[in-house]
Amino acid sequence: VRSLTIADIKDKYMNGMPLTMITAYDYLTAKWVQETQSDMLLVGDSMAMTSLGYTSTTELPFEEFKYHVASVTRASGSSMIVVDMPFGSFEQSYSYGVANAIELLKINPKVTSLKIECGNHDRDHYTIGFIRELCERGIPVMSHIGLTPQRANSLGGFKVQGNQSANDILSLYNTAKYLQKIGCWSILMECIPYKVATFITENLNIPTIGIGAGNGTNGQVLVISDMLGLSPDNNLQSLPRFVKNYDQLNSVAIKNLKIYKDEVEQKKFPSIEHSFKLKETIWKDFLD
Ligand code: KIV
Ligand code: NA
């Protein structure tokens, strides 16, 4: 199956068609996403928490992340694959960051774009410069602004961004305009008031993808584990308000594993229909 390209995504954007994106972390979840024919599949560093048991995305080793990207790319389908640049893979220098960006793209030609968290343009000159370095080299970048989990500590936690003052809004808006100017093909906005996200979207000519950014962005992204209730500690109370939880697959899984365990303990499984038979004549031969 042919994967969508950035040009295909831009066509949909130009035609006012909403863009869909879902995260995936391995072959299995990628298969699910590909089955839906979502426009984009994001290999998010959120896997650190949702699939690997780390407490923060900043703990995720680059080597482990790459292993998961490879797994995702083995699932066939039309969803265009966008890959996060994890914390620590680009902050130390531009040359180190460019080398790691190239490594991610080399995992599989299906890796079409990188996604990079970026602070506001008036403060985060380093990341703005790094994104420019990639764009100048022809490496497609979706930038990620607003709540950027890799910088949660410097943002003072997981909080809505661009909502404290007019200046906050202006700073976010200028950042988006700047990222468009230096060549980002798309901007992801996380946890910002819907009016701000809509305003920014209306004033850009590249697609915006929102999470916790309301209905005025050009597309939406959600974390698969949150949507499906996959995470072990998943409960509806602990999910951020912008997540819609569609199912509780975690409890479905545990329920069925318990049934199996009970059946084994009670000698109900395997029954005769799950067992292999042998011709009586052969068995007789053996006994003789
Ligand atoms: O890592 C991730 O899943 C993300 C989305 C929340 C946008 O960056
Ligand atoms: Na991420």
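Start by selecting Ile169, Leu172, Tyr173 and Ala176 in helix H8, then add Val196, Phe199 and Ile200 in helix H9: these two groups meet each other. Colour them by class and you get seven nonpolar residues, with no polar and no charged ones. Keep in mind as you click around that this is a predicted model.

Now show the whole helices. H8 covers residues 166-181 and H9 covers residues 194-202. Two packed helices are described by the angle between their axes and the distance between the axes. For H8 and H9, the angle is about 35° and the axes are 10 Å apart. Which hand does the crossing of H8 and H9 have? It's right-handed.

**Next stop: H5 and H6**

Select residues 94-107 for helix H5 and residues 125-136 for helix H6. Their axes are 10 Å apart, and the helices pack at an angle of about 50°. That angle makes H5 oblique to H6, because oblique covers angles that are not roughly parallel, antiparallel or perpendicular. Here too you're looking at a right-handed crossing, as H5 passes H6.

Zoom in on the side chains. From H5, pick Tyr94, Gly97, Val98 and Ala101; they meet Phe130, Glu133 and Leu134 of H6. Sorted by class, this contact has five nonpolar residues, one polar and one charged.

**Stay on H5, add H4**

Keep H5 on screen and select residues 62-73, which is helix H4. H4 and H5 pack at about 30°, with their axes 9 Å apart. Angles under 35 degrees count as roughly parallel, so H4 and H5 are roughly parallel to each other. The crossing of H4 and H5 is right-handed.

Which residues of H4 meet H5? Phe62, Lys66, Val69, Ala70 and Thr73 do, and their partners in H5 are Asn100, Glu103, Leu104 and Ile107. Count the classes in this contact and you'll find five nonpolar, two polar and two charged residues.

**Over to the ligand**

Select ligand 1 and show what surrounds it. Going along the chain, you should see Thr23, Leu42, Gly44, Asp45, Ser46 and Asp84, among others. Further along, the shell also includes Leu188, Glu190, Ile211, Val221 and Val223. By class, five residues of this shell are nonpolar, three are polar and three are charged.

**Two backbone oddities**

Most residues other than glycine have a negative phi, and most peptide bonds are trans. Here are two spots to check against that.

Click on Cys191, in the loop between strand E6 (186-190) and H9. Is its phi positive or negative? Positive: phi of Cys191 is near 55°, and this residue is not a glycine.

Then jump to Pro270, in the loop between helix H11 (249-265) and helix H12 (280-287). The peptide bond running from Phe269 to Pro270 is cis, with omega near -5°.

**Zoom out**

To finish, colour the protein by domain: domain 1 is 6-247 and domain 2 is 252-287. How many Å apart do the C-alpha centres of domain 1 and domain 2 lie? They're 47 Å apart.

Key:
Residues are numbered from 1 along each chain as its sequence is written. Chains are lettered from A and ligands numbered from 1 in the order in which they are written. This is a predicted model: local features need pLDDT of at least 70, side-chain atom pairs count only at pLDDT 80 or more; totals for chains, interfaces and linings use all residues. Domain bounds come from an automatic or database domain assignment. A residue is near a molecule or strand if its C-beta atom, placed from the backbone, lies within 6 Å of it. Ala, Val, Leu, Ile, Met, Phe, Trp, Tyr, Cys and Pro count as nonpolar, Asp, Glu, Lys and Arg as charged, and the others, Gly among them, as polar. Axes are lines fitted to C-alpha atoms, for helices over the stretch in contact, and angles run from 0 to 180 degrees between N-to-C directions. Helices (H or I, at least four residues) and strands (E, at least two) are DSSP runs, numbered from the N terminus. A crossing is left-handed if the near helix is turned anticlockwise from the far one by less than a right angle, and right-handed if clockwise. Two residues are in contact if their C-beta atoms, placed from the backbone, lie within 7 Å. Angles under 35 degrees count as roughly parallel, over 145 as roughly antiparallel, 65 to 115 as roughly perpendicular and the rest as oblique.
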